[in-house]
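Here are a few notes from one colleague to another, to read with the model open beside you. I have kept them as numbered points so that you can check each one in turn.

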Amino acid sequence: MTKNEIINKTDLSASISEFEIYAPLIARSAKAGQFIILRLGEKGERVPVTLVDWDADKGTIAVIIQAVGKSTADFNAMKKGDKFDTVAGPLGAPVEIKKYGVAAVVGGGVGIAEVYPIARALKQAGNRVISVLGARSKDLLILEERMARMSDAFVITTDDGSHGLKGMVTDAVKSLVRQGEKIDAGFIIGPVPMMKFTAKLMKELGIKPYASLNPIMLDGTGMCGCCRVIVDGKVRFACVDGPMFEASNIDFDNLMLRTGEYKQEEKLALEGLSKDHKCKIGLH
Ligand SMILES: Cc1cc2nc3c(=O)[nH]c(=O)nc-3n(C[C@H](O)[C@H](O)[C@H](O)COP(=O)(O)OP(=O)(O)OC[C@H]3O[C@@H](n4cnc5c(N)ncnc54)[C@H](O)[C@@H]3O)c2cc1C
Ligand code: FES
């Protein structure tokens, strides 16, 4: 086994794959809520992905990646035995794991992979863990069995009703509270609108919400300022101050605007135009 080598790759759905990577130094110090930066090729994009699992004895880490653009599509085309050029981490602040009492973990889409290590750590710390998992449809739902093993109660929602309850994760949270669950803290990871409305609902229900933010990142070490987010009216850097923040006062609208800033370039890169494109900046 060589450093950064893919030891195993499993496809979890048409667009989501799980990778086991040999990275002994990261495996030794990883904590729930942290992430790594992956890069393929010397000029490759630096892509942050959450540490889902780690095994210090084997020297391996696991990540789950959804192909949404050029870099993640290139990653998901890799096979067992291939190597990433960069595997940097662990980065970010670990989530504070303590006895909250009843903790709800809410994952949407590939956010389920990101919330899984937090559910596991909260369970190990003696919390009652309630998991609420949401996906657009049954074929996009991942880690159902693993999440069920970590949960004292477990609800699935799909937008089209193809599995679990038809509806959104917010409907499930409301219904759990109506049934008498007294939830102390909620950990939310998923698309920005889902985090925004789940955090708002939790605040109204008297549940302390936490959300893991996914702004565009570059260095991942607090130097470029690219990942700035607004929390409680203050600028914070998601890569070092987060990515998980107490979510009662996050400016989710600003986050949404900033993550959409490079949509056109991302679309061109995915369509392959970048291959033949010669940058003319500085030639005139
Ligand atoms: C802390 C953190 C943890 C993450 N964990 C995971 C994970 O476990 N699994 C997973 O599939 N995805 C995860 N993501 C999202 C992942 O980084 C992006 O999907 C990826 O960078 C997209 O790159 P692309 O070139 O394939 O797509 P692009 O076409 O470049 O972009 C597609 C979308 O991804 C966002 N994005 C683009 N570049 C970045 C970047 N450098 N940093 C963050 N977002 C970006 C864009 O806003 C855009 O909406 C995480 C993001 C952050 C910040
Ligand atoms: S990614 Fe550069 S400061 Fe956070």
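1. Let's begin where the two domains meet: across the interface of domain 1 and domain 2, two salt bridges are found. Please keep in mind as you look that this is a predicted model.

2. Where do the domains run? Domain 1 covers 6–91 and domain 2 covers 102–259. Their C-alpha centres are 21 Å apart, and the contact draws on 18 residues from domain 1 and 20 residues from domain 2.

3. How much area is buried between domain 1 and domain 2? The value is about 1,500 Å², with carbon and sulfur atoms giving 62% of it. On the domain 1 side, three residues are worth picking out: Phe35, Arg46 and Val52 supply 25% of the area that this domain buries against domain 2, more than any other three residues.

4. Salt bridges deserve a look across the whole model too, as the structure holds 11 of them. One of these joins Arg146 to Glu18, with the closest N and O atoms 2.7 Å apart. The pair ties together distant parts of the chain, since Arg146 sits in helix H4 (residues 144–149) and Glu18 in strand S2 (residues 16–22), 128 residues apart. As background, side chains of opposite charge can pair when their charged atoms come close.

5. Now to a helix pair. The axes of helix H6 (residues 192–204) and helix H8 (residues 252–259) approach within 10 Å and cross at roughly 180°. Angles over 145 degrees count as roughly antiparallel, so H6 is roughly antiparallel to H8.

6. Which residues make the contact between these helices? From H6 come Val192, Pro193, Met195, Lys196 and Ala199, and they meet Phe252, Asp253, Leu255 and Met256 of H8. Sorted by class, the contact of H6 with H8 has seven nonpolar residues, two charged residues and no polar ones.

7. Two peptide bonds ahead of prolines are worth inspecting in the backbone. The bond from Gly89 to Pro90 is cis, with omega near 0°, and Pro90 is part of strand S7 (residues 86–91). The bond from Gly242 to Pro243 is also cis, with omega near 15°; Pro243 belongs to the loop between helix H7 (238–241) and strand S16 (244–246).

8. A last backbone point concerns Asn4. Its phi is near 75°, a positive value in a residue other than glycine. You will find Asn4 in the segment before strand S1 (6–11).

Terms used:
Residues numbered from 1 in each chain as written. Chains lettered and ligands numbered in written order. Predicted model: local features only at pLDDT ≥ 70, side-chain atom pairs only at ≥ 80, totals over all residues. Heavy atoms only, no water. Axes fitted to C-alpha atoms, helices over the stretch in contact; angles between N-to-C directions. Helix = DSSP H or I, 4+ residues; strand = E, 2+ residues; numbered from the N terminus. Parallel < 35°, antiparallel > 145°, perpendicular 65-115°, else oblique. Contact = heavy atoms within 4.5 Å. Nonpolar A, V, L, I, M, F, W, Y, C, P; charged D, E, K, R; others polar. Domains from an automatic or database assignment. Buried area = accessible area lost by both parts, 1.4 Å probe. Salt bridge = Lys/Arg side-chain N within 4 Å of Asp/Glu carboxyl O.
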